[in-house]
Every structure is written in C-alpha cells, then in structure tokens.
Amino acid sequence: MPNRSRGRDSAGPRSMRSLLDSIRRDPAIREGMERARLLDSFPAIADMVLGAGGSENCLAIQLSDRNLVVEVTDNIWAQRVQMSAREILKEVQARGGSPRLARLNTRLRQRRAPEPAATSPPPEGPAMRCERCGGRSAGERLCLVCAAELDYWRDPPP
C-alpha cells in the first residue's frame with residue numbers, strides 16, 4: 001500500500017531546512033515578505049518625513065507595485081501626508097520599494113462607535129401590569145387610564 005501521509009512526497013521525507021529554503025525561493029512569497037518589511041519600516045519613515053507624531057497618526061496598510069495606502073487619524077494628518085507624498089515615496093523606494101511606486105493614497109482610520117451602556121429594563125412582574133388592559137402600571141393593580149375609566153362609571157356625572 002502506498003504511503004499517503006502528509007508532508008511526504010515520492011522522494012521521501014524532507015528536512016525542515018529544505019522546506020523553508022523552497023518556500024523562500026518562491027518569488028511570490030519573497031515579494032510578500034519584502035512588502036511586509038517595508039510596511040513594518042513605515043513608522044520610521046513617517047517620523048523622519050512628517051516629524052514627531054507621524055508614526056502615531058499614520059500607518060501604511062497596503063503596498064503594491066505602484067501604490068501605497070496610508071491610514072491616518074484625521075484630515076489634518078491626511079493633508080500633511082499628501083503634501084509630503086513625494087518625500088515619503090522616495091524614502092520607501094530608497095528602502096527597497098518598487099521604482100515604479102508613484103502614488104500615495106490616504107484614508108481615514110475607522111473609529112468604532114462607543115458601545116452603548118447596558119441598561120436593564122425595569123423589573124416586570126404582576127404588580128407592573130394593569131389587570132384590566134395589560135398595560136404598564138405604576139405598581140398598582142390598574143393603569144391610570146383604566147382606574148379613571150372605572151371611577152367615571154362608578155360615579156357618572158349628572
């Protein structure tokens with residue numbers, strides 16, 4: 001019966017080193033690792049080009065052959081990044097980015113809406129419902145409308 005275990009081919013088991021070497025030789029993986037390295041170096045570029053606070057307010061989130069996308073905290077930082085786009089792109093290229101890198105786009109960081117405070121509904125029990133109509137009462141047997149209606153019919157006006 002043939003050996004069908006995972007990680008083995010017809011030539012037999014491979015060492016971890018040979019597996020890693022074959023992965024590193026894959027051009028797509030090498031390119032992805034290079035992009036990740038450039039994206040990781042962006043905080044230093046932001047501080048160098050934009051000054052103090054650049055790395056805290058700007059984050060490179062996507063890098064392709066021709067385009068860099070930077071996420072910013074507000075419109076002021078978006079404007080600063082756009083005004084310094086040429087210097088930022090030159091610095092990314094100097095650190096190994098594609099020479100065809102020509103465009104920098106900014107987008108605002110999505111802010112999460114604050115979670116609403118958990119409010120518990122008022123306790124409901126037999127004392128909180130009107131016996132006649134089932135509506136809410138203020139702890140009485142009848143709601144105000146039903147109580148007024150019964151009072152009216154008990155003692156109708158002349």
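Reader: What percentage of the 158 residues of the protein count as buried?
Author: It is 24%, where buried means under 20% relative accessible area, exposed over 50%, and partly exposed in between (1.4 Å probe, protein chains only). Please keep in mind that this is a predicted model, in which local features need pLDDT of at least 70 and side-chain atom pairs count only at pLDDT 80 or more, while totals for chains, interfaces and linings use all residues. Residues are numbered from 1 along each chain as its sequence is written, and side-chain values use heavy atoms, with hydrogens and water left out.

Reader: What makes Leu150 partly exposed?
Author: Its relative accessible area is 31%. Leu150 therefore falls in the range between buried and exposed. The residue sits in helix α7 (residues 144-154). Leaving aside residues up to four places away in sequence, Leu150 touches Arg132 and Leu142, a contact being heavy atoms within 4.5 Å.

Reader: How many helices and strands make up the secondary structure of the protein?
Author: There are 7 helices and 5 strands. These are DSSP runs numbered from the N terminus, with H or I over at least four residues for a helix and E over at least two for a strand. Starting at the N terminus, the order of elements is β-β-α-α-α-α-β-β-α-α-β-α. As for contacts between residues at least 6 apart in sequence, 47% of them join residues at least 24 apart.

Reader: How do you know that strand β3 and strand β4 pair?
Author: By counting bridges: DSSP must find at least two between a pair of strands. β3 (residues 58-63) and β4 (residues 67-72) have 5, in the antiparallel sense, and the two strands form a hairpin with 3 residues between them. You can check it on the model, where Cys58 has Val72 of β4 as its bridge partner, Ala60 is opposite Val70, and Gln62 is opposite Val69.

Reader: Why is the pairing in the sheet β3-β4-β5 called mixed?
Author: This open sheet has 3 strands in that order. β3 and β4 are antiparallel, whereas β4 and β5 run parallel and are joined by 6 bridges. One partnership across that second pair is Asn67 with Arg103 of β5.

Reader: What makes β3 and β5 edge strands?
Author: β3 and β5 (103-108) each have a single partner strand, so one side of each lacks a neighbour in the sheet. Ignoring direction, neighbouring strands of this sheet are turned by 30° against each other on average.

Reader: Why is β4 described as largely enclosed by the rest of the structure?
Author: Because 6 of the 6 residues of β4 are buried. Asn67, Val69 and Glu71 point one way, while Leu68, Val70 and Val72 point the other, and all are buried.

Reader: Which helix packs on the sheet by touching β3, β4 and β5?
Author: That is helix α5 (residues 75-83), whose direction makes about 175° with that of β5. Helix α2 (residues 27-40) also packs on the sheet, touching β3 and β4, at about 165° to the direction of β3.

Reader: Why is α5 called roughly perpendicular to α6?
Author: Two packed helices are described by the angle between their axes and the distance between the axes. Here the angle is about 65° and the axes are 4 Å apart. Axes are lines fitted to C-alpha atoms, for helices over the stretch in contact, with angles from 0 to 180 degrees between N-to-C directions. Angles of 65 to 115 degrees count as roughly perpendicular, under 35 as roughly parallel, over 145 as roughly antiparallel, and the rest as oblique. That makes this pair roughly perpendicular. Val81, Gln82 and Met83 of α5 meet Ala85, Glu87 and Ile88 of α6.

Reader: What makes α3 oblique to α6?
Author: The axes of α3 (residues 42-50) and α6 (residues 85-94) cross at roughly 140° and come within 10 Å. An angle of that value belongs to the oblique class, so α3 is oblique to α6. On the α3 side, the contact includes Phe42 and Ile45, and on the α6 side Glu87 and Val92 are among the residues met.
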